[in-house]
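Please look through the model shown below before reading on. The paragraphs after it are meant to be read with the coordinates open in a viewer.

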Amino acid sequence: MKRRLLLPAVLCALALLLPGLLAVLTREHTDTDTRYITDEQGRALFLHGFNTSGSAKDDPDRLPWITEEDVRTEYDLMGTNFVRLLVQWQALEPERGTYDEEYLDAVAERVDWYADLGYHVLIDMHQDLYGRYTSPSEHSGNGAPEWATHNDGLRVESQEQWELVYLEPGVMRAFDHFWNTTGENPGLMDDYAEAWRHLADRFADEPAVLGYDLMNEPFGGSLQGPDFEAGPLAELYRRSMERIREVDQDTWIFVEGQAVGVNWGFPSALPHLEDPREGEPRIVYAPHVYPLPMDLGQAYEGGTGETVDASIDVWSDSVRTTAERLEAPIVLGEFGLDMSGPGAERYVERMLEETERMSSGRAYWSNDHDGWGPWADEDLTPGPLADVMDRPYPRAVAGQPQEIGYDPGRKTLQVSWAERAGVDGPTEVYLPADAVPDEGELDLRTDAEWDADWDEELRILSVEIRGAEPGDEHTLTIVPGSG
Ligand SMILES: CN(C)c1ccc(C(=O)NC[C@H]2N[C@H](CO)[C@@H](O)[C@@H]2O)cc1
């Protein structure tokens with residue numbers, strides 16, 4: 001699917017955001033800035049998985065296509081440990097104040113399918129184009145229920161490029177009412193925050209639910225950039241967090257900047273947010289990345305590949321600057337492309353390398369049968385993406401990670417960490433079948449005692465260190481065996 005954006009809008013975005021961009025490029029990012037999502041044992045988690053699924057947007061039940069068996073197939077093929085699970089406000093709260101418990105039961109059932117295989121689940125309150133009710137005629141919107149949609153009868157015409165529907169008068173107006181830019185519907189943001197409280201109350205005691213992604217790819221309507229992100233968007237996040245923390249003190253809260261410009265690499269103006277929970281904050285910065293050159297139809301190859309690389313470097317700097325401001329770990333919520341294009345596999349590998357360099361989790365967009373996903377057909381025959389995503393990675397590190405590096409040429413993974421007081425459990429690494437070391441050939445540089453265990457079924461290597469002192473460093477190097 002070739003994707004082109006309205007060039008004037010792009011040039012306008014460039015002009016508006018360039019000063020901030022240049023400021024970003026001069027910053028240094030040190031390892032001490034790196035923060036991590038931790039589990040109940042204090043281990044640093046590395047999340048690797050998919051958005052599941054784009055098909056949920058138009059499904060009559062607003063649910064993803066997968067079955068319990070399909071989750072097992074995904075695990076067996078790629079060893080993922082993370083899912084960004086799409087849910088919709090319109091399905092959760094079809095009438096104002098009336099919540100569909102059967103829908104939440106269906107979401108909970110899917111959470112269980114992932115929980116049974118040790119996945120971490122991020123519940124994504126998904127929207128694109130505000131919702132499907134901004135115009136009487138069908139278009140590609142999903143998200144907000146009809147009762148929360150006010151477009152004042154303005155037109156919404158379908159466009160050859162779906163993104164341009166965001167600029168249609170009826171869609172712009174619906175967003176302007178939601179963000180209270182019009183001043184005529186001041187309660188919608190509170191309704192949204194209340195819906196989050198209801199959902200969080202349902203999943204507060206579900207250990208597999210790691211996080212809540214408060215809004216997918218926010219769009220400010222008439223408000224753009226800092227006026228939007230530091231204004232009503234930050235306010236929506238504050239109100240949603242406040243209500244979530246009334247019922248759920250522990251689930252991590254994932255926040256995104258606006259999609260326009262930030263998905264391409266421009267710095268987000270999201271301000272620091274306070275987490276009302278007792279103890280350490282649990283806020284995650286969850287950007288998306290869709291490099292502008294590729295959005296404009298360029299392929300990741302040759303000279304345009306170098307342009308995309310430069311664009312990714314800028315994106316990475318911008319993301320780390322925003323994460324430092326938020327004092328938050330990073331999880332890349334979306335990255336992806338049409339796998340039929342030239343250089344597609346190499347682009348995905350580039351983004352996997354980048355997230356490892358950033359110590360960031362990642363969720364590929366998406367787990368669908370649309371040429372972007374890992375499947376060659378409806379029978380789940382693996383496509384080229386499946387092999388790229390089946391990659392060694394540390395699922396959990398029992399200390400402060402120092403460096404994560406994977407050499408695809410030698411299929412060798414190196415994980416180094418420092419012992420940290422209060423952290424229990426083993427360091428766990430997922431290994432594809434062709435990356436498993438020979439028996440007894442594990443290279444672990446440490447001064448402490450240690451044991452290793454190999455789970456053949458789940459292909460998880462667990463390394464338990466004993467008797468180390470805080471600050472002691474360990475380096476695990478896993479070289480594939482000859483078998
Ligand atoms: C003009 N606006 C507001 C806009 C333009 C383009 C995207 C986009 O491509 N997003 C990338 C992918 N993310 C969604 C799901 O979250 C997918 O449908 C897009 O391909 C988003 C917003």
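What follows is a guided reading of this predicted model.

The account begins with a parallel sheet. Eight strands form this open sheet, and their order is E7-E6-E5-E4-E3-E2-E9-E8. Strand E7 (283-285) and strand E8 (331-335) occupy the edges; each has a single partner strand, so one side of each is left without a neighbour in the sheet. From one strand to the next, the twist averages 25°. Within the sheet, strand E4 (residues 120-125) is joined to strand E5 (residues 209-213) by four bridges in the parallel sense. At this pairing, Leu 122 is placed opposite Gly 211 of E5.

A helix can be placed relative to the edge strands. Helix H9, covering residues 302-326, lies across strand E6 (252-255) as well as E7 and E8, and its direction makes an angle of about 165° with E7.

Two cis peptide bonds may be examined next. One runs from Thr 52 to Ser 53, with omega near -10°; Ser 53 belongs to the loop between strand E2 (48-52) and helix H2 (68-78). Another joins Trp 365 to Ser 366, where omega is near 5°. Ser 366 is located in the loop that lies between strand E9 (361-364) and helix H11 (384-389).

The loop between E4 and H5 deserves attention for its backbone. Tyr 130 is found in this loop, and its phi is near 75°, a positive value in a residue other than glycine. Asp 152 is in the loop between E4 and H5 as well; although not a glycine, Asp 152 has a positive phi of about 55°. Are these residues buried or exposed to some degree? Tyr 130 counts as buried because its relative accessible area is 5%, a value under the 20% cut-off. Asp 152 has a relative accessible area of 43% and is therefore partly exposed.

Helix H5 itself spans residues 169-178 and includes Val 171. Why does Val 171 count as buried? The reason is its relative accessibility of 0%. Leaving aside residues up to four places away in sequence, Val 171 touches Leu 129, Thr 134, Val 156, Val 165 and Tyr 166. The C-alpha atom of Val 171 is separated by 8.3 Å from that of Leu 154, which is 17 residues away along the chain.

Enclosed space is the next topic. Across the whole structure, a search finds four cavities of 30 Å³ or more, and the largest has a volume of about 90 Å³. Which residues line the largest cavity? Among them are Trp 89, Met 125, His 126, Gln 127, Tyr 130, Phe 175, Phe 178, Tyr 192 and Met 215. Tyr 130, described above for its positive phi, thus appears in this lining too.

The tour ends in the C-terminal part of the chain. An unreviewed UniProt entry lists residues 391-478 as "domain: Glycoside hydrolase family 5 C-terminal". Over residues 391-478, the chain is 0% helix and 53% strand, and the C-alpha atoms at the ends are 13 Å apart. Strand E15 (residues 449-455) and strand E16 (residues 460-466) pair through seven bridges in the antiparallel sense. In this pairing, Trp 454 faces Leu 461 of E16 as its opposite residue. The hairpin of E15 and E16 has four residues between the strands, and Arg 459 adopts a positive phi near 55° there.

Key: Residues are numbered from 1 along each chain as its sequence is written. This is a predicted model: local features need pLDDT of at least 70, side-chain atom pairs count only at pLDDT 80 or more; totals for chains, interfaces and linings use all residues. Side-chain values use heavy atoms; hydrogens and water are left out. UniProt positions are given in the numbering used here, feature names are shortened, and annotations may be inferred rather than shown by experiment. Helices (H or I, at least four residues) and strands (E, at least two) are DSSP runs, numbered from the N terminus. Buried means under 20% relative accessible area, exposed over 50%, partly exposed in between (1.4 Å probe, protein chains only). Contact means heavy atoms within 4.5 Å. Two strands pair if DSSP finds at least two bridges between them. Axes are lines fitted to C-alpha atoms, for helices over the stretch in contact, and angles run from 0 to 180 degrees between N-to-C directions. On a 1 Å grid over the protein atoms alone, a cavity is a set of points where a 1.4 Å probe fits but cannot get out, and a pocket is an open set with protein on both sides within 12 Å along at least five of seven lines; lining residues have an atom within 4 Å of a point. Grid points are joined across faces, edges and corners, and a volume is the space filled by probe spheres set on the points.
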